[in-house]
Protein chains: 2
Amino acid sequence: MTESSPPPPRVPAPSFPAPLSRVRLYEQVAEQISTWIAEHDLRPGDKLPPERELAARLGVSRATLSQALVALEVIGAVAVRHGDGTVVAKSLGATRIVEAVRAHANRLPEIIDTRDALETKIAALAAQRRTEADLQRIEDALAGMEADIERGGRGVEGDENFHAAVTAAAHSLLLSQLMGEIADLIRETRIESLSQPERPRASLAGHRAIAEAIRAGDPPAAASAMHAHVEMVSDVAVLRTT
Amino acid sequence: MTESSPPPPRVPAPSFPAPLSRVRLYEQVAEQISTWIAEHDLRPGDKLPPERELAARLGVSRATLSQALVALEVIGAVAVRHGDGTVVAKSLGATRIVEAVRAHANRLPEIIDTRDALETKIAALAAQRRTEADLQRIEDALAGMEADIERGGRGVEGDENFHAAVTAAAHSLLLSQLMGEIADLIRETRIESLSQPERPRASLAGHRAIAEAIRAGDPPAAASAMHAHVEMVSDVAVLRTT
DNA sequence: GTGGGCTATTGGCTAGGCCACTGATCCAGT
DNA sequence: ACTGGATCAGTGGCCTAGCCAATAGCCCAC
């Protein structure tokens, strides 16, 4: 537009392809930390490792780690407390939400609906953003669940790990935070569901389908597989409450 | 190293009813910098002094200054360019750092994703559970938004009312609670979005489509209409960050 | 004029250290 | 037995000092 005009245009052109966004270390570290939080299913109030240990584990200096924590603190993901440690930030209404829903009569349908909303989207995002490491974690969780079932277990822990790994693979701090808020509620339904005979194997099959779609990088398939999986849990819930 | 005379421990105020909120150095520094920007009337693109000089002038180490810059960068106030310098990114005028802490920057995509996840499901549920009263409330919000736009307004309030009405129509306590959690975050994107010319009318059209599907009791249509609506907002967000 | 390379400037990141704060434990005095 | 204060280990806050890496501008050879 104003190319030939005397005043120097500060913005070169409307089409700004990609000036090669330099990713600074602290950003990567922040990303890793939030992934770690999601992956380990940390809930508000849970403590992060000490700065010195965390820095060493991530292979960065304490100064850089500190920058990452500042970034996470500014967006409200964590709270750093002098002399005490760093904790996952508690959202203002976390307990209120859980309690309110607990008090509600038949809360199972609500939990199912919410899981469907969040996890379907999470599966789709995971399918397009997953890294090799993400896939590996998902695979590991799957293997752990299978091993547990083989031994006659219900695979509860593996189930949780799987969903945590998928959530982490979506690389969305906000979504993983919301999942964290309702984690307790989900856990209760999960245990109920997996208590039914044959349910663990069916659940495992559902997980495999989800993992496959995520590996294939097919968001719609991942979403639909996750939806089917949640629906399956829903059936169990209905049977129970009826 | 040490001062010739040891400074006495500073007492903040003669009376401190507050639990004595610890203000970390980087926060104060960030505050000072943004104040400095405002005072000197720096505009987007203007350069800040080099880190070394700035750190010396503020009497802090480079590490601390760096933390402050990270904080300012996360809230989108400045852009730090390796080898070149730090420039003002956006006029922050009277916005206070501490308040802007919840703001966006890199979170916009996440907020969009989350909205999409929750509201799409909410729309579908609303389509199958809405009562006559729900429909009426949705209609009212729509009418209010239209009237506001006719008067040259941006329909921000009507927009909020509409989404609140739809959320209520889904009759899911959990989902509405979660929407409440991210309401603040959404509000910012909403205002940005509706600030663009012609956007309010387009938004209104989107709302109409959603309302129509909900009235018709067609969950898939409602979900897809809501998805399209959120996508539209997403486009705006992309434009902003470019 | 143009292209290539040099260099000063500036941010990125690390290492190591000391200080301040917190919470739990222990011990002395009652 | 209980209370109150001192101690101690763990943790974040902040600093100093330094080297590395990217950028922009200059100068020189062509």
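## DNA strand D

Of the atoms of DNA strand D within 4 Å of the protein, 66% are part of sugar or phosphate, while the rest belong to bases. This description rests on a predicted model. Around DNA strand D there are 22 residues, of which Glu51(A), Arg24(B), Leu25(B), Ser61(B) and Thr64(B) come nearest. Sorted by class, the surface near this strand has 4 nonpolar, 8 polar and 10 charged residues.

Several contacts reach the phosphate oxygens of DNA strand D. A polar backbone atom of Glu51(A) is 2.7 Å from one phosphate oxygen of the strand, and a polar backbone atom of Leu25(B) is 2.8 Å from a phosphate oxygen of DNA strand D. With Ser61(B) the contact comes from the side chain, a polar atom of which lies 2.8 Å from a phosphate oxygen of DNA strand D. Turning to secondary structure, at least two residues of the surface near DNA strand D are supplied by each of α2 (51–58), β1 (78–81) and β2 (85–88) of chain A, and by α3 (62–74) of chain B.

## DNA strand C

For DNA strand C, 64% of the atoms within 4 Å of the protein belong to sugar or phosphate, and the rest to bases. The residues around DNA strand C number 24, and those that come nearest are Arg24(A), Leu25(A), Ser61(A), Thr64(A) and Glu51(B). The surface near DNA strand C divides by class into 6 nonpolar, 9 polar and 9 charged residues.

Contacts with DNA strand C involve both phosphate and base atoms, as the following cases show. In chain A, a backbone N or O atom of Leu25(A) lies 2.7 Å from a phosphate oxygen of DNA strand C, and a polar side-chain atom of Thr64(A) lies 2.2 Å from a phosphate oxygen of that strand. In chain B, a polar side-chain atom of Arg52(B) is placed 2.9 Å from a base nitrogen of DNA strand C. The elements giving two or more residues to the surface near this strand are α3 (62–74) of chain A and, from chain B, α2 (51–58), β1 (78–81) and β2 (85–88). Among these elements, α3(A) contributes the largest share, 3 residues.

## Where chain A meets chain B

The two protein chains also touch each other, with 39 residues of chain A in contact with 35 residues of chain B. Between them, chain A and chain B bury about 3400 Å², and 58% of this area is on carbon and sulfur atoms. On the side of chain A, the residues that lose the most area to chain B are Val74(A), Asp113(A) and Leu174(A), which together account for 18% of what that side buries.

## Pairs and elements at the interface

How many salt bridges are counted between chain A and chain B? The count is 6, and Arg24(A) takes part in a salt bridge with Glu73(B), in which the closest N and O atoms are 2.1 Å apart. Arg24(A) is also listed with the residues that come nearest to DNA strand C. Across the interface of the two chains, 14 residue pairs are found in polar contact, with both residues at pLDDT 80 or more.

The side of chain A that touches chain B draws at least two residues from each of α3, α4 (94–103), α5 (108–129) and α8 (173–181). Of the elements of chain A, α5(A) gives the most to this side, with 10 residues. By class, the side of chain A that touches chain B consists of 20 nonpolar, 9 polar and 10 charged residues.

Methods
Residues are numbered from 1 along each chain as its sequence is written. Chains are lettered from A and ligands numbered from 1 in the order in which they are written. This is a predicted model: local features need pLDDT of at least 70, side-chain atom pairs count only at pLDDT 80 or more; totals for chains, interfaces and linings use all residues. Side-chain values use heavy atoms; hydrogens and water are left out. A residue is near a molecule or strand if one of its heavy atoms lies within 4 Å of it. A polar contact is a pair of N or O atoms within 3.5 Å; within protein, one must be able to donate a hydrogen and the other to accept it, and residues adjacent in sequence count only if both atoms are side-chain atoms. Helices (H or I, at least four residues) and strands (E, at least two) are DSSP runs, numbered from the N terminus. Ala, Val, Leu, Ile, Met, Phe, Trp, Tyr, Cys and Pro count as nonpolar, Asp, Glu, Lys and Arg as charged, and the others, Gly among them, as polar. Contact means heavy atoms within 4.5 Å. Buried area is the accessible area (1.4 Å probe) that two parts lose on being put together, summed over both. A salt bridge is a side-chain nitrogen of Lys or Arg within 4 Å of a carboxyl oxygen of Asp or Glu.
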